Amino acid sequence: MGLAGASVLPFLRSMPAAAQGSDTLVVVTGQTINSLDLHRTGTSRASYQVGVNCYDRLVSFGTKEAIGGGYSYDYQVIEPELAESWMVSEDGMTLTFKLKPNAKFWDGRKVTAADVKWSFDRAVSVGGFPSVQMKAGGLVRPDQFTAVDEETFVIVLDRPSKLTIPDLAVPVPYIINSVVALENATEDDPWALDYLHMTPAGSGAYKVARWTQGEQLVYERNDDWVGGPLPALKRVVIREVPSPATRRALVERGDVQMAFGIPDKDAAELADKIDVFSTPVENCIHCLCPNFAFEPFQDPDVRKAIAYAVPYEDIFKAAAYERGLPLWGGEEAIDDIAWPRKTQYYTDLDKAKAYMAKSGYPDGFEVPLSISLDLASWMEPTALLVQEALGKIGITVEIEKIPGANWRTAVLVEKRLPLHLENFGGWLNTPDYYFFWAYKDGHLFNSSNYRNEEIEELVDATLHMPMDDPEYAPKIKRMFEIALDELPRIPLYQPALNVAANGAEGYEFWFHRQLDVRPLKAV
Amino acid sequence: MLSKAPRLRAILLRVAQAVPVVFGVIVISFLLTRALPGDPAVYFAGVMADEKSIEETRVALGLDKPMLQQFFIYVGDLAHGDLGQSVSTGRAVATDLAKRLPASLELTLSALLLAIAIAVPLGVLAATRPGTWVDHLCRVVVTAGVSLPTFFTGILLIYIFYYLLGIAPSPLGRLDFIYLEPEHITGFYLIDAALVGDWETWFGALKQLMLPAITLALFTLAPIARMTRAAMLTALSAEFIRTARAAGLSSKRVLYGYAFRNALLPVVTTLGMVFSFALGANVLVEKVFAWPGIGSYAVEALVVSDYAAVQGFVLAMALLFVTLNLVIDLLYAVIDPRIGFVSR
């Protein structure tokens with residue numbers, strides 16, 4: 001990497017600071033890239049962008065215009081990346097991929113089906129997050145993958161699923177140069193986790209020219225990329241700046257061209273000065289969750305009382321600065337399968353009081369409301385408003401702040417928080433996938449310990465069912481109906497991912513909420 | 001042989017005395033990190049982890065073993081100079097510290113030098129002219145210095161000098177992205193760039209260093225100025241000064257030769273304290289100026305319960321503190337020959 005870095009030097013040095021040219025872009029972000037290998041244990045979310053920009057997958061998603069400006073990936077359209085074409089067998093169990101014959105790794109070697117097989121074997125074998133994500137698409141064991149010949153790769157499924165092909169387009173199943181990886185694998189480390197952690201070996205649109213952990217990462221274009229249209233930018237510098245105030249000053253002055261993931265407040269204030277993209281995060285809902293393990297919340301009237309007491313509008317203004325989409329005050333009748341959807345609830349204290357009065361707890365009760373310190377920017381204002389509102393219907397709320405390191409254990413693993421805020425978002429954009437994680441008993445994001453037999457059945461039935469199956473829509477609607485009536489999660493609003501640009505265009509939102517630098521251009 | 005070199009012997013004795021302290025630090029930091037809330041296996045297993053993958057992560061991190069066994073493995077590794085692997089950065093903790101400690105030291109030392117350059121003369125002037133405008137200025141600076149939090153001063157300085165006036169460079173860490181970091185020799189960019197004669201990078205690094213160093217200096221100069229003033233006042237009212245004055249020595253000689261030298265002892269003590277305090281406390285400055293220092297490293301490690309990294313940080317700070325105290329003790333003897341460096 002030192003050698004590759006040296007080649008950047010003359011170019012950047014000779015560049016006058018004011019005219020950085022149209023082929024280099026500087027992006028600041030508050031998150032830290034801690035690994036160049038997504039499959040490693042402990043790799044941070046911000047590092048997923050390396051998987052996106054430096055590696056190819058077999059397929060990718062299309063592009064569409066996004067709400068809130070700019071573009072977004074399009075879940076409905078699957079496009080080729082390394083695969084030239086693919087075929088699904090009649091029974092949906094066998095997927096055959098033809099690789100692009102001209103696809104090459106950075107070292108010039110042809111991308112073969114054996115590389116795909118090795119990379120998929122790795123993703124299902126290393127355990128932890130990559131294996132869980134692969135499993136969502138029905139990819140569990142190495143024996144499901146076969147390299148038939150150099151350019152033909154076959155996946156055999158245990159059962160057909162509509163989630164398999166989209167799951168091949170998420171960052172996890174990327175294709176690694178298996179020859180380079182194997183040269184650097186050891187007996188203790190057969191998947192070359194130590195090597196690829198620092199040194200990517202892929203075929204993607206960008207190579208890593210320099211990486212200084214905790215400071216910056218410099219992408220350099222791979223001119224031989226065949227996975228899509230050649231990117232406009234030669235170099236993209238990702239610079240880590242932890243303080244949001246500093247990031248804002250930098251992008252506002254135009255010294256950097258993009259600030260990725262800025263707070264809602266800054267997005268709202270910068271929107272009329274520079275370009276701000278606030279894309280509602282698909283399949284993601286900020287919720288207030290009453291835990292069924294806490295006795296008063298087993299009473300449906302109490303949960304409804306809360307749903308009518310929550311000051312939705314104030315929360316949306318104070319916590320989200322109106323970035324994102326409101327999710328209250330909708331129709332009770334469910335006639336489409338869009339998710340997240342507006343609930344039938346709205347702020348009405350009289351209704352809330354009436355529900356409390358007929359519940360088993362007319363005199364109210366005391367309950368702690370737990371929030372994570374890591375997510376305090378939206379959780380704290382929300383919690384204060386909820387505390388105030390619930391006080392009016394006799395529920396005394398005490399706010400409990402939990403350190404970030406402890407949060408996941410308490411809320412998702414032990415599921416022991418009586419009343420808490422939660423923000424699950426599903427990568428695969430189908431309602432059944434959201435319900436699978438957030439409403440099924442025992443599943444990770446079902447932090448309310450909710451169990452409903454009908455929901456269990458409906459989720460199992462719809463999870464792998466094609467969305468154009470005539471049975472699909474009625475089942476999904478029934479799922480919505482139950483979940484919104486029983487309220488184990490009270491939807492507050494759909495959050496947004498905010499990006500400020502000052503001299504850059506072509507920004508595209510992705511469900512993984514990391515920056516895809518490939519479509520970016522300088523202006 | 002040692003009896004012939006009493007100073008060397010005393011130093012060795014001091015180092016030997018530090019051993020139980022360091023061992024205590026090792027035990028306490030090990031126990032404290034384990035007592036932290038939060039489960040690293042859950043954290044590092046990732047967002048979608050199920051119980052099986054959490055368990056796999058736990059085994060991979062070696063956290064399934066009994067605590068005593070974990071401790072012996074840790075101490076055994078330490079004996080080989082191995083501080084362990086940081087899970088979040090995926091590198092050896094020693095590598096991380098070697099990279100980040102110089103960044104923090106460079107910032108803290110520059111800030112401290114700046115603070116000394118301002119605070120000591122200010123303190124001396126305030127003490128020699130009590131009640132005048134210099135004394136009041138000293139009081140105002142000291143009060144402002146302690147009462148303004150560093151992140152506030154930092155953001156204010158960025159706002160004025162970078163955002164409004166545009167004379168400060170982009171607050172983007174140790175070097176703007178157009179420069180390459182100098183070859184690693186000491187890890188101090190100013191020193192490394194000077195050693196290889198790369199003056200362009202040297203100026204680049206200096207420009208980036210200015211604002212954060214000023215921010216930190218504003219914070220650290222308060223105790224130094226305060227202590228200098230108080231120590232000078234005490235020294236000036238001492239009898240030997242009256243004697244010196246009565247003997248007709250020049251006021252300059254009295255002030256700097258006798259009073260100041262005597263006042264230096266408490267000032268040096270304060271310096272040592274301020275230095276170690278600032279090194280740990282500059283995490284806020286690091287965050288504001290995107291400075292890749294040891295403070296933000298430790299905080300990030302703490303947030304994700306990255307045991308090896310936290311332990312490595314605590315140990316490094318303990319060693320630094322022990323060394324610093326030793327140096328200060330040696331300085332005492334240099335400043336005031338009456339303090340014999342005898343082993344006690």
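**Close-up 1. The neighbours of I224(B) in this predicted model.** Leave aside residues up to four places away in sequence, and I224(B) touches A115(B), I116(B), A119(B) and V120(B). It also touches V267(B), T270(B), L271(B) and V274(B).

**Close-up 2. The largest nonpolar core, with I224(B) in it.** This core runs to 220 residues. I224(B) is among those with the most contacts inside it, along with V27(A), M258(A) and V310(A). Helix α9 of chain B (residues 199–236) chips in 18 residues, the largest share. Apart from this core lies another one, of 24 residues, including A41(B), L97(B), I294(B) and A309(B).

**Close-up 3. The two sides of helix α6 of chain B.** Count 1.5 Å for each residue and the 15 residues of α6(B), 133–147, should span 21 Å; the end C-alpha atoms sit 21 Å apart, so the two agree. C138(B), V142(B) and G145(B) are the buried ones here. They cover an arc of only 70 degrees around the axis, which means they're on the same side of α6(B). Their cover includes α5 and α9 of chain B. Turned away from that buried side are the exposed residues W133(B), H136(B), V140(B), T143(B), A144(B) and S147(B).

**Close-up 4. Domains and confidence in chain B.** Chain B splits into domain 1 (2–79) and domain 2 (93–303), with their C-alpha centres 32 Å apart. The chain averages a pLDDT of 85, and 96% of its residues score at least 70. Among its elements, helix α5 (residues 93–128) has the highest mean pLDDT, 91, and helix α2 (residues 40–44) the lowest, 78. For the complex, the predictor gives an ipTM of 0.78 and a pTM of 0.85.

Note on methods. Residues are numbered from 1 along each chain as its sequence is written. Chains are lettered from A and ligands numbered from 1 in the order in which they are written. This is a predicted model: local features need pLDDT of at least 70, side-chain atom pairs count only at pLDDT 80 or more; totals for chains, interfaces and linings use all residues. A nonpolar core is a set of buried Ala, Val, Leu, Ile, Met, Phe, Trp, Tyr and Cys residues joined through C-beta atoms within 7 Å. A residue is buried if 20 or more other C-beta atoms lie within 10 Å of its own, exposed if 12 or fewer, and partly exposed in between; C-beta atoms are placed from the backbone. Helices (H or I, at least four residues) and strands (E, at least two) are DSSP runs, numbered from the N terminus. Two residues are in contact if their C-beta atoms, placed from the backbone, lie within 7 Å. Domain bounds come from an automatic or database domain assignment. pLDDT is the predictor's confidence in each residue, from 0 to 100. The expected span of a helix is 1.5 Å times one less than its number of residues. The arc is that of the directions from the helix axis to the C-beta atoms.
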